[in-house]
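Thanks for coming, everyone. I have one structure to walk through today. Please bring it up on your screens.

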Amino acid sequence: MSMQSLCTDDGMKEVIETYSDMIYRIAVAHMRTKEDAEDIYQEVFLIYLQKQQAFREEEHRKAWLIRTTLICCKRALLSSWKKRNILTEDVAEVFSGTGKEKEPITSFELKEENEVYTAVRSLPQKYRTVIYLFYFEQQSVKEISDILKIRPGTVRMQLTRGREMMKELLVDCDGKGGSRRG
């Protein structure tokens, strides 16, 4: 397959239409506010446009966009401005849709889906990233390994530990102290 740049007007529009939801969801999962996620979303596509990078195949483009999104999120979270500012809105309130002024970022049909997404967002970043990519973006362990530039065994271990943390969080949310059954 020949390498080509899709940074023409038509190509850029196609890339945005194809990957905008994925990039936005990843940004929301990491940044925790709609406004920060929108900033990341814009930054990723700006970088894509500026780089005008050629890709061997569509999976390479997708991996590059995911990796760039994660890097932008990490950079934003580590910025001194972000560290000095305290989030004033309750993250759970944003995702449950109970906020009075703001609409929910992501709407879920079932209460259990909302609880799962909220639990994923409360995980430490390294576990949240692999859980999110594996379950929400349907990336394989190999693809996650390539995107994050870590060994597949590390991805599998982070998935295992992340699942254990999720189980504890969801059991605590259940309030019964027992296992959840759906």
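I will start with the overall picture, then go through some aromatic rings, and then a few single residues.

One caution before anything else. This is a predicted model. Every value I quote is computed from it.

So, the overall picture. What does the secondary structure come to? Nine helices and zero strands. Read along the sequence, the pattern is α-α-α-α-α-α-α-α-α. The protein has 182 residues, and buried residues make up 36% of them. Now the contacts. Take those in the protein with a separation of 6 or more: 65% of them are between residues 24 or more positions apart. On the surface side, the protein exposes about 11,400 Å². Carbon and sulfur atoms supply 51% of that area.

Next, the rings. We describe a pair of aromatic rings by the distance of the centres and the angle of the planes. How many aromatic pairs are there? The count is seven, taking ring centres within 6.5 Å as the rule. I will take two of these pairs.

Start with Tyr 24 and Tyr 41. Their ring centres are 6.4 Å apart, and their planes stand at 85 degrees. Over 60 degrees counts as edge-to-face. So this pair is edge-to-face. Where do the two partners sit? Tyr 24 is in helix α1, residues 9-31, and Tyr 41 is in helix α2, residues 34-51. The pair therefore ties together parts that are 17 residues apart in sequence.

Are these two tyrosines buried or exposed? The answer falls in between. Buried means under 20% relative accessible area, and exposed means over 50%. Tyr 24 is at 21% relative accessibility, so Tyr 24 counts as partly exposed. Tyr 41 is at 24%, so Tyr 41 is partly exposed too.

Tyr 41 has another ring partner, Phe 45. That pair is also edge-to-face. The numbers are 5.1 Å centre to centre and 75 degrees between the planes. Both Tyr 41 and Phe 45 lie in helix α2. They are four residues apart, about one turn of the helix. Phe 45 has 6% relative accessibility, so Phe 45 counts as buried. Put the pairs together, and Tyr 24, Tyr 41 and Phe 45 are linked into a cluster.

Stay in that area for Ser 20. This serine is in helix α1. Its relative accessible area is 14%, so Ser 20 is buried. What does Ser 20 touch, setting aside residues up to four places away in sequence? Val 15, Tyr 41 and Phe 45. Two of those names, Tyr 41 and Phe 45, belong to the ring cluster.

On to Trp 64. The residue sits in helix α3. Its relative accessible area is 15%, so Trp 64 is buried. Leave aside neighbours within four places in sequence. Trp 64 is then in contact with Ile 47, Tyr 48, Lys 51, Gln 53 and Phe 55. Look at Tyr 48 in that list. Trp 64 and Tyr 48 are 16 residues apart along the chain, with 9.2 Å between their C-alpha atoms.

Now a polar case, His 30. This histidine lies in helix α1. With a relative accessible area of 2%, His 30 is buried. Which polar partners does its side chain have? One is the backbone oxygen of Ile 26, at 3.0 Å. Another is the side chain of Thr 129, in a polar contact of 2.8 Å. Thr 129 also appears among the residues His 30 touches beyond four places in sequence. The others are Leu 70, Cys 73, Leu 77, Arg 121, Gln 125 and Arg 128.

Last, the backbone. Two glutamines are worth a look. Gln 52 has a positive phi of about 45 degrees, although Gln 52 is not a glycine. Where is Gln 52? In the loop between α2 and α3, with α3 at 58-78. Then there is Gln 138. Its phi is near 50 degrees, again a positive value in a residue other than glycine. Gln 138 is in the loop between α7, residues 125-136, and α8, residues 141-148. Gln 138 has a relative accessible area of 59%, so Gln 138 is exposed.

That is my tour. Questions, please.

Key. Residues are numbered from 1 along each chain as its sequence is written. This is a predicted model: local features need pLDDT of at least 70, side-chain atom pairs count only at pLDDT 80 or more; totals for chains, interfaces and linings use all residues. Side-chain values use heavy atoms; hydrogens and water are left out. Rings of Phe, Tyr and Trp (its six-membered ring) pair if their centres lie within 6.5 Å; planes under 30 degrees apart count as stacked, over 60 as edge-to-face and the rest as tilted. Buried means under 20% relative accessible area, exposed over 50%, partly exposed in between (1.4 Å probe, protein chains only). Contact means heavy atoms within 4.5 Å. Accessible areas come from the Shrake-Rupley method with a 1.4 Å probe; for residues, only the protein chains shown count as cover. A polar contact is a pair of N or O atoms within 3.5 Å; within protein, one must be able to donate a hydrogen and the other to accept it, and residues adjacent in sequence count only if both atoms are side-chain atoms.
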